[in-house]
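Reader: I would like a close look at one part of this model. Please keep it brisk, and set that part in its wider setting.

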Amino acid sequence: MEMLTIKRVPTVLSNYQEDAAEPRGCGRNCLGECCLPFSKLPLYVFKSDAELPVSPSDATEEPPADFFLNSLLLGQWEDRMSRGLFRYDVTTCETKVIPGEQGFIAQLNEGRHLKKRPTEFRVDRVLQPFDPTKFNFTKVGQEEALFRFEAGEGNKARFFESAPVDGASSPSVVVINVSPIEYGHVLLIPRLLDCLPQRIDAECFLLALHMAAEAGNPYFRLGYNSLGAFATINHLHFQAYYLSLPFPVEKAPTKKIPMAKGLANSGLKVSLLMNYPVRGLVYEGGNTLKDLADVVANSCICLQKSNIPFNVLISDSGRRIFLFPQCYAEKQALGEVSQELLDTQVNPAVWEISGHMVLKRKKDYEEASEDYAWSLLAEVSLSEERFQEVKAHILEATGLVEVEVEHADVNESKGTSYQSTPADTTHFSEGCLVLQ
């Protein structure tokens, strides 16, 4: 089979990334087996038998409900900013809401595309083996690591300012993204020393949901990009950051998929995303985080095995998950994307798909319109026919059976209205402000 390639270079995620090919050895306080087991990173232990995340006002755990996000994650992130570990100051990046029905968010981030290097893996293979000779997160310096994030026993969260690594298990670590998109931009790396490739499994996806639940804030989201959907490092990781605005996709209406089998007594609901430029599935509810994680993870596993690139947004403190099968990189490789869109150098990954457009040229930022955002994201989406095939494949693989009903034309276009459920945005603060 012919190898699909595109002229694309990834963003640098670590200060050690560009010279990763150079031998380092131990002694530089890296996150590899030579140094991490002897480190004493802070450790946050979350309750492992958590049910659905509660709202911040109802939280009763110790440490205080706002400790994880405000005191630990953002506090540590700001400390690294004061040390000059980031490649630029993201707090100075201009941000605005693009006028229009959707409320797309645009950010001018001219520093994010600097000092890049050639891509290191194929864009037409969602699953690829881990390659220790290429950059991976074991080569990150410990000064970029914020804390370990691991499951505990019982129903109480705990924090330890310094804790040795248990040699019997591989620690999950939260590190900064040195090329941040937004305030508090971090990476969650599950079982770091196991050197897992970029592929989702139920255990690691549940870990990401726990992180969203512990943050307990709707403005803190986690995202995942598969290979072929603009992941730049083939070492399992989730991204996360804080943005005090609802994403457009979170406000989009949804249409519940009636199920005849598979969700009995689970409290789960699966819906279609409506009136949005990228077709996707929305998962919400569940009696426990594990119920939700298992269904979504199995959906992702189905896409991985089928070699379908995808992106995932974990929203609403872990209560809602958006799954987007996509095809932009394939179209780009086949020369099917307009030169006008290619010139913007925007690679639509999970944040762009969710409605946060990270623009790299001042001209694009100043001229940003809803039509531009819609046209870019429409190129990401599977066709209606292909999406229906993929949806059926996912439901079958996860043991769900859809009720057969006559349905209206769902070949949605911009501005179409639907008899569907609007997103619940009551948990978002009124009158949110963005930096100008």
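What covers the buried residues of α9?

Author: First, the ground rules. This is a predicted model, where local features need pLDDT of at least 70, side-chain atom pairs count only at pLDDT 80 or more, and totals for chains, interfaces and linings use all residues. Residues are numbered from 1 along each chain as its sequence is written, and side-chain values use heavy atoms, with hydrogens and water left out.

Now the helix. The cover over the buried residues of α9 includes β15 (320-325), α5 (328-333), α6 (339-343), α7 (350-353) and β16 (356-359). Helices (H or I, at least four residues) and strands (E, at least two) are DSSP runs, numbered from the N terminus. Cover rests on contact, meaning heavy atoms within 4.5 Å. Helix α9 spans residues 370-380. Its buried residues are E370, Y372, A373, W374, L376, L377 and V380. Buried means under 20% relative accessible area, exposed over 50%, and partly exposed in between (1.4 Å probe, protein chains only).

Two of the covering helices, α6 and α7, flank a loop that holds Q345. Phi of Q345 is near 60 degrees, a positive value in a residue other than glycine. Q345 is partly exposed, at 34% relative accessible area. N307 also has a positive phi, of about 60 degrees, and is not a glycine. N307 sits in the loop between α4 (289-305) and β14 (310-315). Its relative accessible area is 32%, so N307 is partly exposed.

Next, the packing. V312 contacts I200, F205, L222, G223, Y224, C300, I321, F322, L323 and V350, leaving aside neighbours within four places in sequence. The largest nonpolar core has 74 residues. Such a core is a set of buried Ala, Val, Leu, Ile, Met, Phe, Trp, Tyr and Cys residues joined through side-chain atoms within 4.5 Å. F149, F205, M211, L222, Y283 and V312 touch the most other members. Helix α2 (residues 202-215) gives the largest share of this core, 10 residues. Another core lies apart from it, with 40 residues, among them I105, L108, F230 and I353.

Then a buried charged side chain. R221 belongs to strand β8 (residues 220-225). R221 counts as buried because its relative accessibility is 1%. Its side chain reaches the backbone oxygen of L243 at 2.8 Å. A polar atom of the same side chain lies 3.2 Å from the backbone oxygen of Y219.

E161 offers a contrasting case. E161 is in the loop between β5 (158-160) and β6 (173-176). At 67% relative accessibility, E161 counts as exposed. E161 touches K40, L41 and P42, not counting residues up to four places away in sequence. The C-alpha atoms of E161 and L43 are 6.4 Å apart, with their positions 118 residues apart along the chain.

Helix α1 (residues 67-82) has a kink of about 30 degrees, centred on G75. The bend at a residue is the angle between axes fitted to the seven residues ending there and the seven starting there. Buried residues in α1 include F67, F68, L69, L72 and W77. Just after α1, G84 takes a positive phi of about 75 degrees.

Finally, the whole chain. Its secondary structure comes to 10 helices and 17 strands. Of its 436 residues, 57% are buried. Among contacts between residues at least 6 apart in sequence, 76% join residues at least 24 apart.

Note on methods:
Polar contact = N/O pair within 3.5 Å; in protein donor to acceptor, adjacent residues only side chain to side chain.
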